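Reader: Before I rely on any label attached to this chain, I would like to go through the reasoning behind each of them. Could we take them in turn, with the structure in view?

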Amino acid sequence: MSVAILGGLDRLKPLYQNSGRELGFPDLKVFGKRVPNMDRRLKGMGGIVIFTDTVSHNMVAHAVQVGKDYGIPIVRPHSSGISSLTPCLAEFSTLYAPAPA
């Protein structure tokens, strides 16, 4: 499953990706700034993490709209550290965990 991270610090991007791989999210995409066609890039994601301390209001509005339109869960931690990202990814992994047999 792929997860998008909006905001965050550029120098922590490799750490975000390593943390994602360790928790079972090999396809973790980090968008530190607004990119063209962001709506189209976000609509295939399984979850969106928005670091609210380092992201613009316009970017949040677009991500929330995409989340509503396509039923993508959104988590909004305030700080952009690895310690804030880990519980968010753990929440997504329990959300998409296979049902016990």
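Reader: Leaving aside its neighbours within four places in sequence, which residues is Ser-19 in contact with?

Author: This is a predicted model, and in it Ser-19 is in contact with Ile-82, Leu-85, Thr-86 and Leu-89, once the neighbours within four places in sequence are left aside. Ser-19 itself lies in helix 1.

Reader: Why is Ser-19 called buried?

Author: The relative accessibility of Ser-19 is 9%, and buried means under 20%, so Ser-19 falls in that class.

Reader: Which other residues of helix 1 are buried, and what covers them?

Author: In helix 1, which runs over residues 13-22, Tyr-16 and Gly-20 are buried along with Ser-19. They cover an arc of only 100 degrees around the axis, and therefore sit on the same side of helix 1. An α-helix has 3.6 residues a turn, so residues three or four places apart point the same way. The cover over the buried residues of helix 1 includes strand 1, strand 2 (27-31) and helix 4 (82-95).

Reader: What comes just after helix 1, and why is Leu-23 called partly exposed?

Author: Just after helix 1, Gly-24 takes a positive phi of about 95 degrees. Leu-23 lies in the loop between helix 1 and strand 2; its relative accessible area is 34%, and because partly exposed covers values between 20% and 50%, Leu-23 receives that label. Residues up to four places away in sequence not being counted, Leu-23 touches Thr-86 and Leu-89.

Reader: What makes Ser-2 buried?

Author: Ser-2, which is found in strand 1 (residues 2-6), has a relative accessibility of 13%, and since the limit for buried is under 20%, Ser-2 counts as buried. Beyond its neighbours within four places in sequence, Ser-2 is in contact with Asp-27, Gly-44, Met-45, Gly-46 and Gly-47.

Reader: Why does Thr-52 count as partly exposed, and what does it contact?

Author: Thr-52 has a relative accessibility of 33%, and as partly exposed lies between the 20% and 50% limits, Thr-52 is placed in that class. Thr-52 lies in the loop between strand 3 (47-50) and helix 3 (57-70), and, neighbours within four places in sequence left aside, it is in contact with Arg-76, Pro-77 and His-78. The C-alpha atoms of Thr-52 and Lys-29, 23 residues apart along the chain, are separated by 17 Å.

Reader: How do you know that the radius of gyration of the protein chain agrees with a compact globule?

Author: For 101 residues, a compact globule would have a radius of gyration near 13 Å, and the protein chain has 13 Å, so the two agree. Along its principal axes, the C-alpha trace spans about 45 × 30 × 20 Å. Of the 101 residues, 40% count as buried.

Reader: In what order do the elements of the protein chain run, and what share of its contacts join residues at least 24 apart?

Author: The protein chain has four helices and four strands, and from the N terminus on its elements run β-α-β-α-β-α-β-α. Among contacts between residues at least 6 apart in sequence, 73% join residues at least 24 apart.

Reader: How many positive and negative side chains does the protein chain have?

Author: There are 11 positive and 7 negative side chains in the protein chain, and the centres of the two sets lie 6 Å apart. The accessible surface of the protein chain comes to about 5700 Å², with 54% of it belonging to carbon and sulfur atoms.

Definitions and conventions: Residues are numbered from 1 along each chain as its sequence is written. This is a predicted model: local features need pLDDT of at least 70, side-chain atom pairs count only at pLDDT 80 or more; totals for chains, interfaces and linings use all residues. Side-chain values use heavy atoms; hydrogens and water are left out. Helices (H or I, at least four residues) and strands (E, at least two) are DSSP runs, numbered from the N terminus. Buried means under 20% relative accessible area, exposed over 50%, partly exposed in between (1.4 Å probe, protein chains only). Contact means heavy atoms within 4.5 Å. The radius of gyration is taken over C-alpha atoms; the globule rule is 2.2 Å times the number of residues to the power 0.38. Accessible areas come from the Shrake-Rupley method with a 1.4 Å probe; for residues, only the protein chains shown count as cover. Lys and Arg count as positive and Asp and Glu as negative; His and the chain ends are not counted. The place of a charge is taken as NZ of Lys, CZ of Arg, CG of Asp or CD of Glu. The arc is that of the directions from the helix axis to the C-beta atoms.
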